[in-house]
Amino acid sequence: MIGDPAAPVTIVEYSSLTCPHCAAFHATTLQDIKARYIDQGQVKIVLRHFPLNEPALVAAKLAECVAPERYAGFVDVLFRSQAEWGTMQDPTEGLKRYGRLAGLSDDKMQSCLTDGAIEEKILSQRLEGSRAFQIDSTPTFIVNGEKVTGNLPIDDFAKVIDAKLP
């Protein structure tokens, strides 16, 4: 989660770490949301994995294994470097380089990548999003119960957020 746990507006973000639209959201719109709403304690964002392919699932598993205080930063790094590791012949090796930078040992990464409980958690969140909100593309956001699809410009997001503020 990013932001104040007591914030009145909760945005649940369903994203795939290999989705270019998700990466664009993290590079642009999310930064604007942080400046306008998160930093003022009005919004919190809960990140949920919605892997669309095997490399996204591998990346999500590694993200789940970094220390909680490094999670959001690690996800941000993966989105910013997506064009590099996402197009590699073996994306897992590229992802492991970033895992090492986040403080994961090779043994810890191997353990995370083979841990069935971590994979089950990720895939269960994906299935829950599909069932509860009919999510079928990324990024998709649930803003205090309202579904918002796609990397919208900040002004469009602001309209949705402002309508939810007390």
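## The hairpin of β3 and β4

In this predicted model, Thr140 stands opposite Thr149, a residue of strand β4. The two strands concerned are β3, residues 140-143, and β4, residues 146-149, which run antiparallel and are joined by 4 bridges. Together β3 and β4 form a hairpin with 2 residues between them.

One residue of this turn deserves a closer look, namely Asn144, which lies in the loop between β3 and β4. Asn144 has a positive phi of about 45 degrees, although it is not a glycine. Most residues other than glycine have a negative phi. With a relative accessibility of 35%, Asn144 counts as partly exposed, because that class lies between the limits of 20% and 50%.

## The sheet and the helix packed on it

The hairpin belongs to an open sheet of 4 strands, whose order is β2-β1-β3-β4 and whose pairing is mixed. The edge strands are β2 (43-49) and β4, each of which pairs on one side only. From one strand to the next, the twist averages 20 degrees. Helix α8, residues 116-133, packs on this sheet and touches β1, β2, β3 and β4, while its direction makes about 110 degrees with that of β2.

Within the sheet, strand β1 (residues 9-15) runs antiparallel to β3, and 4 bridges join the two. Tyr14 has Thr140 in β3 as its bridge partner, and Thr140 also stands opposite Thr149 in β4. In a regular strand the side chains alternate between the two faces of the sheet.

## The loop between α8 and β3

Two residues with backbone features to note can be found in the loop between α8 and β3: Gln134 is found there, and Pro139 lies there as well. Gln134 has a positive phi of about 55 degrees although it is not a glycine, and its relative accessible area of 51% makes it exposed, because the class begins over 50%.

Pro139 is joined to Thr138 by a cis peptide bond, with omega at about -5 degrees. Most peptide bonds, by comparison, are trans.

## The disulfide and other cysteines

How many disulfides does a search of the whole structure find? The search finds 1 disulfide, and it joins Cys65 to Cys112, with a distance of 1.8 Å from S to S. The link of Cys65 and Cys112 is left-handed, with -120 degrees about the S-S bond. The pair links distant parts of the chain, since Cys65 sits in helix α3 (residues 54-65) and Cys112 in helix α7 (residues 106-114), 47 residues apart.

Are the two linked cysteines buried or exposed? Cys65 has a relative accessible area of 12% and is therefore buried, as the limit for that class is under 20%, and Cys112, at 2% relative accessibility, also counts as buried. Two further cysteines can be described in the same terms: Cys19 is buried at 6% relative accessibility, and Cys22 is buried with a relative accessible area of 0%.

## Around helices α3 and α7

Lys61 has its place in helix α3, and at 5% relative accessibility this lysine counts as buried, because its value is under 20%. If its neighbours within four places in sequence are left aside, Lys61 is in contact with Cys112, Leu113, Ile118, Glu119 and Ile122. One of these contacts, Cys112, is also the disulfide partner of Cys65.

Thr114 is found in helix α7 and, with a relative accessible area of 56%, is exposed. The C-alpha atoms of Thr114 and Val58 are separated by 9.8 Å, although the two residues are 56 residues apart along the chain.

## The chain as a whole

The chain contains 9 helices and 4 strands, and, read along the sequence, they follow the pattern β-α-α-β-α-α-α-α-α-α-β-β-α. Residues 24 or more positions apart account for 72% of the contacts in the chain that have a separation of 6 or more.

Along its principal axes, the C-alpha trace spans about 45 × 30 × 30 Å. Because a compact globule of 166 residues would have a radius of gyration near 15 Å, the 16 Å of this chain agrees with such a form. Of the 166 residues, 46% count as buried, and the accessible surface comes to about 8,000 Å², of which 51% belongs to carbon and sulfur atoms.

Notes
Residues are numbered from 1 along each chain as its sequence is written. This is a predicted model: local features need pLDDT of at least 70, side-chain atom pairs count only at pLDDT 80 or more; totals for chains, interfaces and linings use all residues. Side-chain values use heavy atoms; hydrogens and water are left out. A disulfide is a pair of cysteine sulfur atoms within 2.5 Å. Buried means under 20% relative accessible area, exposed over 50%, partly exposed in between (1.4 Å probe, protein chains only). Two strands pair if DSSP finds at least two bridges between them. Axes are lines fitted to C-alpha atoms, for helices over the stretch in contact, and angles run from 0 to 180 degrees between N-to-C directions. Contact means heavy atoms within 4.5 Å. The radius of gyration is taken over C-alpha atoms; the globule rule is 2.2 Å times the number of residues to the power 0.38. Accessible areas come from the Shrake-Rupley method with a 1.4 Å probe; for residues, only the protein chains shown count as cover.
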